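Here is a friendly walk through a two-chain model, meant to be read with the structure open beside you. Take your time and look up each element as it comes along.

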Amino acid sequence: MAVAADTDAYPQAVIDEFKLLADECSICYQCGTCTSSCPSGRELYRGPRRLVRLILAGEIEAVLKSDDLWRCTECGTCTEVCRMDIDVAAVLSRLRKIEREHGGAISCPERTAADVAAARLRRHPRIDNMQFGVAMMAKGHFPKDKVGAAETGIKIAKQMLPRRRKRPAGEAGPASEGVATLPFYAGCALPQDHELHALVHEVAAGFGVRLDEAADAGCCGHPSRGAVASHYASAERVYTACPACDASLEEAGVEAVPLWDALTARAGRSPAMALRAAAPAFVPYVGCLADRDAALAALGEAAEQAGVTMEVDYPTLHNGCCGALGGMYRGATKAGARLLEFAAEKHAPVVTTCVLCRDNLHSAARELKIDVPVHFWPEFFRAEEHVSEERTDD
Amino acid sequence: MTSSSGAAPARPRVLLCECAGTLKNIDFERLEQHVCVHADVTRGDHWCSRVGQAQLLELMEAGDGRQLVFAGCSPDFAARRFQKLMARGLRLEIADIREGCGWVHGDDVAAVTAKAARIIDSSIAYPDAPADTVSYAERRNTVVVIGGGVAGTQAAAELAQMGHHVELVERRAFLGGRAARIGTVFPTNDCGQCLPTTDAQAGTRKCFHRNVAIDHPDLAIHRRSTVETVSGHPGDFQVSLRTLPNMVTDACVNCGTCETVCEADSSEPGKKAIFSEFYDGRVIRTIDLETCTFCGKCAEECPVEAIDFSQSPRRTTVHAGAILTATGCEPAPEKYFDYLGYGHDGVVTQVELAEMLDDWAAQASLGRMPVEELVMVQCAGSRDQRHLPHCSRLCCMIALKHAIRLKTLFPEMKVTICYLEMRTAGVGYENWFLDARRAGVEFLRGTPPEVQFDSHGRPVVEVEDVTAARKRVLRPDLVVLSTGMVPAIDTEKLTQTLTIDRDQDGFVEILDRKNRATETSAEGVFVCGSAAGPKALIEVNTEASAVASEIHNFLTSAGRRGTAASQVDAAQCVGCDVCSTMCPFGAITLVDRPGSTPRPDEVKDDGKLAVIDAQSCRACGICAANCPEVAIAHNLSDDALFGRVAVMTEGVEKPVVGFYCKECAGAAIGLSGQRRDRYPENVRLIELPCLGRVSALHIVEAARLGAAGVFLAGCAEGRCQYRSGDTSAREQMQIAGEVLAASGTPLPLELWHLCAVDRLSVGRRIRLFAAKADGELLSLETLEREMELIGAAAGAACGGGEACGRGR
């Protein structure tokens, strides 16, 4: 590659920032541990190690035009594992900032997804997944490959767009949608916590939803996925309580939708139903790489409906992956600490869309001795009590 | 010292050398007239000629006790020229008017001659101190060697062979250390138990248990012993040892009955609390006191009554001239690599794999293959800022050795080595790497952050194949971690007992990474082998032999002569701790002031007094330079230093004074002079034994005498032979700078780090500094010209004048 030609095309500020980055990364061994650890898009993503190498080689254009920049979920795992204590996640974050300010040449679904979320968050700290999806479609992105958050965003938009009709002011919608039965895949962790499991059913019932659960729900990486697929053979889609389940079911060919999205949308459609939140403000924690932007969008939508504030500090939007995909607590991460400190400062509880996120973050809070409550979505949101008693078939 | 008064009979002789006409800018007539006022002058065309040397020999043999001053080339050059005469006792005071004057200055004959006169005056009035003091007293002929592994045992055997008495201290009951316990070793692929023999047969080696060198009458072995305390000083240490009883006496015939009745396990894997090792042989069996329950069954069953539980620990004190630390290293503990799934089934270390391999070899002979796929992870916890930052140097070769063994036993086994870098730099090592590739071992560049496990508990290694830039998921049956090495147990405690430094990785720090690989920060305490960092056997063997001759030199250097140690003037010492903290060699201690000593008025009876141990003092002068009371006399006294500055700067309008260390900086300046790299005559150089000798007072005195600038030239950064001479000088320079600034007369002050390679640039440095001190604005052209000269310096740096000695 012609390095000279590359650098000519970029303003001095970009060249200077790349020099700074190269200085910080100069001690890199290129051992590949960061890329080995990276949980993002296992097939497509070539990982942070390659980007660092390109920075060191002065290949500015190759870096800024790389899709890989946008496949990073800023989970922070690379920073955690780096032998040389390089803050790799921060390096990638700075690259995205440079690209936003000076690049603009690249167009890929991941980047668009991140852009939309970031732009909306900059305007007001609430986003709704509807408008997010519409924006995705307006940009003409219907990717054929599986690329995590972006694809989910589009899927949600496609699924929900026809039903979303603007109601003229004063016109009453249907009083209630009645009781719906949704196929629900509980995943590995939820059924182990009996109290929480019961709570999910109870909260869903509040929304007029009955959950039909497969008996042998297992882990996302579990062979029972096949059994689940056959159990719900007739179902249009399966609802889940965990973004990792979501992504894994998709991989197995089963369309999956986060239950919280469905409940939020249901409340949104029905004038007789409203979301109630347990506190006037909360900090979202969507550590999971599998579904970050869409899950954040859903939380934003829920916040808007419940009339509460979603406190978002930009770096914590992409806060840390708790390591939940492996299903076990591996100690507090730097990113987790950053998030918990932010929540403590805002005196707001943390709300997650995944039970593993909740448990792991809970452990992290205890380990770090930061006194912040961490709630699972149904522990924080529920339907307002005055559900109409009128029943209609869905 | 020497008076210039005519009344004294000892009028010095000055031998003026014209250096074969190469000193054209010195008017020797005038110089002689100047010097002959207070000395007898003999001129010579070049004194180093055969005729000149014969004349010198006559003068020397005449021996009238008069001071001989040679005015000519630099001390280094003269020392080589007059080497033979000096060996026969010729003592010359050298006044360097060649490299230090004529060769480095221009054509202003009057100015150059005046400077030469000053140099000679200074040498006559303030000569160097004689180096004829006995600086090393008697040294005990005993060496305490700590550690009975390959390194310690071999060094001990060689020292005994050289005629020294050796006390070998080993923590365990058996000699042989780690090397004897592991199976085969690289690069020879045989057992790790041989030592070179010390007998006359070159090239022979023998096992620990057969090597008679260890049974030398002057080699006493203390088994199960550790060092408790160390006192004394270099050449005469008192070392106290604690020895645990062996409990099994020499009567043991190794029948093994005891082991069959013993119910307790040893802390060493696979052994009972009463156990034997095959490789030493001098002690057959021992009891692990950590785990033994003292049930007494073994003693009851022993047919030869060799087990004696009545033995108890004992303490002994040995006196030694030198101590050798050969405590080795040991495998890193689990905490450094448990992030890679260690502790879970299916993950082992290379050490554990080595133990498994013997059994696997048996399985191979039965046609069985214990695992189908095996992954080795290199740098497990090593070269990692979060764990062990250092490279343990052995792990790459251990992995290759095991991989080749596996592929030899089981050609069908899939063996993958995930590596960061393969480091195979050693004699014959590269062949092992080649053999492993030929044998079909897969080398995957990339290291995993963790080892995961699938639902069947089988390891899953997700790793980036860096060279292919894609991720791989390996599902081996066994993961083998190539873990690093750490200092042996209790190294920290031992180094504290011996008051020696440790490096950043916790190993014993060697004194100098280039030249002093077997010495520690404490004089008389030596190190060899893996105690100073993990090493392969070839290096350990080499170091053991090296340290033996190093210790031999140390012990036999008693009576060597040098310059006198510094001394404290009790009448001025106030008992502060500046000198004792500054001394790089720990030679100064504060003692209770004896009642009879003189003391300064302000000191009360119970005050302290600094005392310098003449055995440990190396006469660097750092204490003298830093003493706030100027109470310490160095062999180059403050009076002499002030005098040199005064004589050298006398009559110069704006002198630039340069203090330089005679070692590396002296080499750079002397060699620059031989290249005739010019600088102005107003630069006046003063040689010091170490830059640490310079104090703020000397700098301020130079300023008082009108200096326009002062530079200090010391040795290369961090390379001071006295460890902290340059740091001391920097502090003193700062103090002087503050004093001068406060008195409204700030002065350009600089400190340079020089070594012999700087001969090409030091002339330019001096020129630029002189210009700066002179207040001359350095134009761009000047700088460019200087840079050009430096660029052309490969040949010669002068402008090419008539006296130019191009190609010299």
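Helix α12 of chain A, residues 194-206, is a nice place to check geometry in this predicted model. With 13 residues at 1.5 Å a residue, α12(A) should span 18 Å, and its end C-alpha atoms are indeed 18 Å apart, so expectation and model agree.

Which residues of α12(A) are buried? They include Val200(A), Val203(A) and Ala204(A). These residues cover an arc of only 100° around the axis, and therefore sit on the same side of α12(A). Turn the helix around and you meet exposed residues on the face away from the buried side: His194(A), Glu195(A), Ala198(A) and Glu202(A). What do the buried residues of α12(A) pack against? Their partners in chain A are β2 (209-213), α15 (259-269), α20 (377-380) and β10 (381-383). Just after the helix comes Gly208(A), which takes a positive phi of about 75°.

Now step back to chain A as a whole. Its secondary structure comes to 20 helices and 10 strands, and 50% of its 394 residues count as buried. Looking at contacts in chain A with a separation of 6 or more, 75% join residues 24 or more positions apart.

One more stop in this chain is Ser363(A), found in helix α19 (residues 355-368) of chain A. Is Ser363(A) buried, partly exposed or exposed? It has 18 other C-beta atoms within 10 Å; a buried residue needs 20 or more and an exposed one 12 or fewer, so Ser363(A) is partly exposed. From Ser363(A) to Val374(A) is 11 residues in sequence and 9.8 Å in space, C-alpha to C-alpha.

**Where the chains meet**

How many residues of chain B are in contact with chain A? There are 16 of them, facing 18 residues of chain A. Strand β25 (residues 459-465) of chain B gives the most to the chain B side, with 3 residues. By class, that side has 6 nonpolar, 4 polar and 6 charged residues.

Strand β25(B) also has partners within its own chain. It pairs in the antiparallel sense with strand β24 (residues 452-453) of chain B over 2 bridges, and Gln452(B) has Val460(B) as its bridge partner. The hairpin of β24(B) and β25(B) has 5 residues between the strands, and Gly457(B) there takes a positive phi near 80°. With strand β26 (residues 470-474) of chain B, β25(B) pairs in the antiparallel sense over 5 bridges; here Glu462(B) stands opposite Val473(B). The hairpin of β25(B) and β26(B) has 4 residues between the strands, and Ala469(B) takes a positive phi near 50°.

**Parallel sheets of chain B**

One open sheet of chain B has 4 strands in the order β2-β1-β3-β4, with parallel pairing. Why is one side of β2 (40-44) and of β4 (93-96) left without a neighbour in the sheet? These strands of chain B stand at the edges and each has a single partner strand. Neighbouring strands are turned by 20° against each other on average, direction ignored. Inside the sheet, Leu16(B) stands opposite Arg43(B) in β2(B). Helix α5 (residues 109-125) of chain B packs on this sheet, touching β1, β3 (68-72) and β4 of chain B, and its direction makes about 160° with that of β4(B).

Another open sheet, also of 4 strands with parallel pairing, follows the order β36-β35-β37-β38 (chain B). Its edge strands are β36 (683-688) and β38 (749-754) of chain B, each pairing on one side only. The twist averages 20° from one strand to the next. Across β37(B) and β38(B), Ala713(B) has Trp752(B) as its bridge partner. Helix α18 (residues 664-674) of chain B lies across β35 (656-661), β36, β37 and β38 of chain B, at about 125° to β35(B). Helix α20 (residues 725-742) of chain B packs on the sheet too, touching β35, β37 and β38 of chain B, with a direction about 170° from that of β38(B).

The table collects strand pairs of chain B.

| Strand pair | Sense | Bridges |
|---|---|---|
| β1(B) and β2(B) | parallel | 5 bridges |
| β24(B) and β25(B) | antiparallel | 2 bridges |
| β25(B) and β26(B) | antiparallel | 5 bridges |
| β37(B) and β38(B) | parallel | 6 bridges |

Technical notes: Residues numbered from 1 in each chain as written. Chains lettered and ligands numbered in written order. Predicted model: local features only at pLDDT ≥ 70, side-chain atom pairs only at ≥ 80, totals over all residues. Contact = placed C-beta atoms within 7 Å. Nonpolar A, V, L, I, M, F, W, Y, C, P; charged D, E, K, R; others polar. Pairing = 2+ DSSP bridges. Axes fitted to C-alpha atoms, helices over the stretch in contact; angles between N-to-C directions. Expected span 1.5 Å × (residues − 1). Arc of directions from axis to C-beta.
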